[in-house]
Each structure stands twice: as structure tokens, then as C-alpha cells.
Amino acid sequence: MTSLLGIDLGTSSVRAMLMQADGQRLGLAARSYDVDIPAPGRAEQDPDMWVARAEEAIREVLAAPGVRANDIAALSFSGQMHGLVCVDKNGRPLRPAIIWQDQRSKKSIESIYERFGRERVGGWVQNSIAAGFLVASLVWLKDNEAELYSRIDKVMLPKDYLKFRLSGVIATDYSDAAGSAAFDNTSLSWSGELLSALDLDPDLFPPCLPATERMGTVTPEASARSGLSTSTIVVNGGADQCMQGVGNGIVRPGVFSSNIGTGGQVSAIADKPLYDQAFRTNTIAHVIPGRWTLMGATLSAGAAMKWLSQRILAMDGFGDVDRMAGAVPAGSGSLVFLPYLVGERTPHLDPDARGMFCGLTLGHGRANMLRAVMEGVAFALRDSLEIILQMGIPCTRMIASGGGANSPLWLQIQANIFNREVVRSLNDEQACLGAAITAGVGAAVYTGFPEACDALVQFDPRTYVPSTTNARVYDDLFAVFHDCYRDNKKTFARLAALESAE
């Protein structure tokens, strides 16, 4: 029976999900890994580690009872966005990948805007350039690792390196390219104006193709490593935010996603390349032709909860988090948390921003702190929601996704802070499902995305309805949340300067 493989290359793990064309799951495997922090403000991962862990996960899926490699018609990818992989003419990585959490390029970005202006650059790519984006990291490399830069043959985004190692083809798709801040969303091509202005060789950038484009089939070498059949079609794939949207059935304007993974995002679909005139959000060409994703992002969402629960409170996993935090009333005893542990993107675009608890008293305990983190992440997501609404995109439905959607308490907190009903998909691997659907569309197993999503995506019958009382509590705290950042912005910059001087 025809089956499809979706691979999600995330920041903290890679996941492989195999399903039949009718959506029945045949197998799921994951391999976790860490982010390397070689210095404060830096974040890297080894591209070959991604490949090794992905192939381990694939082999585990293929070992499931009744699974046959020859039945897999196609595979595709969902990938963490923005990061930079540099390879030489033999296709080998020249250095660790600089991923989206990295903040080293903030001075390079300041220099770009001083030379060309934010509006001019934004007009070229319909986005701001943020630290951790491919083009910013590449400019940093050019200025700081010139000898290595001179040996770069191609730059890739993370999932494209994994795809290259399975198919032998170097290419990217429109959605992932748009997250590099070097892509013109109106012409669906690399921005010649930006690359020329930054004196970046356009030959370094791979071909941009639709997400459903066939790359060929699995190479014999990759087959030997992974167990995949050389008859399996490799389909281009796309950025994780678009893929989790597809996996949540978000294929039409008006439906929003609130995603809490390592980072957090609020996104919506538009039928034209709208962009925020203040460049606080990102505009990304969708994997669905004729659609664009509007996205705001907070850099530490699930990562903030993991930091507090495991690193600070030494809790074993997340099992007790909902129980403890749920015993605390809305507002966490007037305790506010800024989740800016690695700087922040929307709405501040401030790599110097820092996390903080504001309002701690002797009456607060770890349960208050846990709930405050949940609320602080949801406040950060509300910032993105409000900007997208101001752009004229109506929100008819809010779908929660990512690991945070497994927490009933966090879902209810989002409903109260957004003051909107929230639902979740029954599939807990939305990005993998989106990748598998993309594989099926590319291999002509499905006629298109809307038809596949309508048939395959199912929702939990429970709806999280906002509490009027708690929504008022959160409206008051949301104003305090904003004041906490505004009143401490200069202090954050001073701390960042001291950290750089160490």
C-alpha cells in the first residue's frame, strides 16, 4: 500500500513519521539533540549530526512491523527556518551551522540599515533582517571569517542540507528562502538588489523551486545508510511554519496558528504578499501556490519552560507542570515574566532583550513562576496576533500547535490571553504531517493541499473558551508586560554590552 514519509528537522529534535495515503500512521521516531552555545549569544549545530540522527529515526520507522521501504512513494521535509549552512565544492560543511537563535550578527545588521535604510531593505525582501537569519549570518561570516567565506560554494538552509544528503540535489523552496531575508516575495526569487547591495555572490545561493518539486529519488549511498528505497521520490519540502500550518489544515485565509515549540509563532495565510510597514513580522511565500504566511515570532517559548522547569527547578520533564501551575490563579499572583532569554524578534527586534521575572515577592513559589512563564509566552504571542490583525487579516479560528498544545492549561491560558476560542488538531505531529502531505502532492498521490488537508486533518472536539474574568486580568497584565520591556530596554542593552566585554 502506498505510504508517505514526512521528516521534520527541528531545533531540538528530528522526527520521521510514516503514514499511509489515507492518513493512518504506520510509524513515528524521533532523535533529540542540543544547541551548541560556543560563546554567549551564539547558537550552532552540526549539519552532519542532523543527517545521522535523521537516518537513525528513518531506520527505526522502517523497522516497524509491516513496513516495507518499497511502499514509500515519496518523502519530504519540514525544517527549522533561517539558519545558515555553508558547504564547499564537494558539498561538505565548512563549519557548524549558525541557527536562528544566534545573535552574533546584530552589529552587521545595524551596519546594513545604516547604509541602506530599513524601508529600502524591507522593500527589497518584504521583511526585516533579524539576527540568526541566513543573510545576516552570511554577512557576519564575510566580515569575520573571510578565509572560510572564500571557500563557500553554496549556502543552504537547514532542511536543504538533509535533503541534499538524501537526494544529491542542492535546492531550496520559496518558503524557506523567504525566511533567509534574501528573497523577494513578490517575484519569488532571490533579491538581486539586496545581494548586490551587500556584495554577496548570487552564485552562492541555490535554485529556488516550489515545495512540491521533485528532486529525484533517494541516492544509493543514502539508501545504504538509511534503509530507504532508491525508488522513493524526494520532494523539495518547506519551512516548518508553513508545514505545521498544512498539518493543521490551515490552507485558507482567516485561520490562524499559535505554535509553541522551542520558539513560538503566530501565523496566518494571506492571498497576497502583505507585510507590516514597521517590519515587526515576517512575510513568507507559502508552500501552497498563491499564498503567503504572515508570521510573528518569539524566540523562547517552549525553551523558556524547559529552562525554568529543568535547568532551574530541576524538575523531571513536564509531567507536573500543568498540575502545579494550574493551582495558581490567573495572573500568577501579579508576577510577570518576559520570555526574552535569547533576545526577541516580534515586536521589538532586539537581540539585547533579556528575560526577567517582574514582581517577585516572598509569597511566590515555583508554581507561580511556572504559570508566569506560560503566561509570558502567551503575552509574547499576543503581540504577534495583534500586529497581524492590524494588517487587515481577520481571525475566524485559532488553532494551537507544537508541544505547547499538549498542555490543556497552556491552551486555556492562550484562549484567555487572546480572548479567542482555541482548538487543536488531533495529530500531534503537525509539521511531519505537513511534510508527508507535501510529499503526496509532489508525487501526485493527492491532487492538491486543500483536498488532502480536508480529508486528513481532524480536530479535538474540545474547544478552549475564554473566561471573561480571566481575560480582563490578562488585559491589565499585558499592559504591565509591555511596560516591563520598555522600562528595562536600556538596562538590557547595558547588560549585553557588559557581556560582550567579558
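**Exercise 1. A covered helix**

How many of the residues of helix H6 (residues 158-167) are buried? List them, and state what follows the helix.

*Solution.* The model is a predicted one.
Step 1. Taking buried to mean under 20% relative accessible area, 10 of the 10 residues of H6 qualify, and the helix is mostly covered.
Step 2. The list comprises Pro158, Lys159, Asp160, Tyr161, Leu162, Lys163, Phe164, Arg165, Leu166 and Ser167.
Step 3. After H6 comes Gly168, with a positive phi near 80°.

**Exercise 2. The two sides of H2**

Determine which residues of helix H2 (106-116) are buried, how they are arranged about the axis, and what covers them.

*Solution.* Step 1. Lys106, Ser108, Ile109, Ile112, Tyr113 and Phe116 are the buried residues of H2.
Step 2. Viewed down the helix axis, these buried residues of H2 fall within an arc of 160°, so they line one face.
Step 3. A general point of geometry applies here: an α-helix has 3.6 residues a turn, so positions three or four places apart point the same way.
Step 4. Exposed residues Lys107, Glu114 and Arg115 sit on the face of H2 turned away from the buried side.
Step 5. The cover over the buried residues of H2 includes helix H3 (118-125), helix H4 (134-144), helix H8 (192-197) and H17.
Step 6. Gly117 follows H2 and has a positive phi, near 85°.

**Exercise 3. H4 and the nonpolar cores**

Is H4 largely enclosed or largely open? Relate this helix to the largest nonpolar core.

*Solution.* Step 1. Eight of the 11 residues of H4 are buried, so the helix is largely enclosed by the rest of the structure.
Step 2. These are Leu134, Val135, Ala136, Ser137, Leu138, Val139, Trp140 and Leu141.
Step 3. The buried residues of H4 pack against strand S6 (85-87), strand S7 (97-98), H2, helix H5 (146-149), strand S8 (154-156) and H8.
Step 4. The largest nonpolar core has 74 residues, and those with the most contacts inside it are Met19, Ile129, Ile152, Leu200, Phe205 and Ile437. H4 gives the most to this core, with seven residues.
Step 5. Phe205 illustrates the packing: neighbours within four places in sequence aside, it is in contact with Leu134, Leu138, Lys154, Val155, Ala182, Trp190, Leu195 and Leu200.
Step 6. Another core, of 61 residues, lies apart from the largest one; Val321, Phe357, Leu381 and Phe481 are among its members.

**Exercise 4. Two leucines in loops**

Leu157 is in the loop between S8 and H6, and Leu341 is in the loop between strand S20 (336-338) and strand S21 (356-358). Classify each by accessibility and give its contacts.

*Solution.* Step 1. The relative accessible area of Leu157 is 2%. Since the limit for buried is under 20%, Leu157 is buried.
Step 2. Beyond neighbours within four places in sequence, Leu157 is in contact with His82, Gly83, Val85, Leu134, Thr172, Asp176 and Ala177.
Step 3. For Leu341 the relative accessible area is 31%, and the residue is partly exposed.
Step 4. Leu341 touches Ser300, Ala304, Trp307 and Gly355, not counting residues up to four places away in sequence.

**Exercise 5. Enclosed and open spaces**

Describe the largest cavity and the second largest pocket by volume, lining and residue class.

*Solution.* Step 1. The count is one cavity of 30 Å³ or more; the largest cavity has a volume of about 60 Å³.
Step 2. The lining of the largest cavity includes Gln241, Cys242, Ile250, Ser267, His286 and Thr293. Helix H10 (240-247) and strand S17 (264-270) each supply at least two of its lining residues, and H10 gives the most, with four.
Step 3. By class, the cavity lining has four nonpolar, seven polar and no charged residues.
Step 4. The second largest pocket holds about 430 Å³ of space. Its lining has 22 residues, of which Lys106, Glu110, Leu349, Asp350 and Pro351 lie nearest the centre. Helix H2 (106-116) and helix H17 (468-501) are the elements that give two or more residues to this lining.
Step 5. The pocket lining divides into 11 nonpolar, two polar and nine charged residues.

Key
Residues are numbered from 1 along each chain as its sequence is written. This is a predicted model: local features need pLDDT of at least 70, side-chain atom pairs count only at pLDDT 80 or more; totals for chains, interfaces and linings use all residues. Side-chain values use heavy atoms; hydrogens and water are left out. On a 1 Å grid over the protein atoms alone, a cavity is a set of points where a 1.4 Å probe fits but cannot get out, and a pocket is an open set with protein on both sides within 12 Å along at least five of seven lines; lining residues have an atom within 4 Å of a point. Grid points are joined across faces, edges and corners, and a volume is the space filled by probe spheres set on the points. Ala, Val, Leu, Ile, Met, Phe, Trp, Tyr, Cys and Pro count as nonpolar, Asp, Glu, Lys and Arg as charged, and the others, Gly among them, as polar. Buried means under 20% relative accessible area, exposed over 50%, partly exposed in between (1.4 Å probe, protein chains only). The arc is that of the directions from the helix axis to the C-beta atoms. Contact means heavy atoms within 4.5 Å. A nonpolar core is a set of buried Ala, Val, Leu, Ile, Met, Phe, Trp, Tyr and Cys residues joined through side-chain atoms within 4.5 Å.
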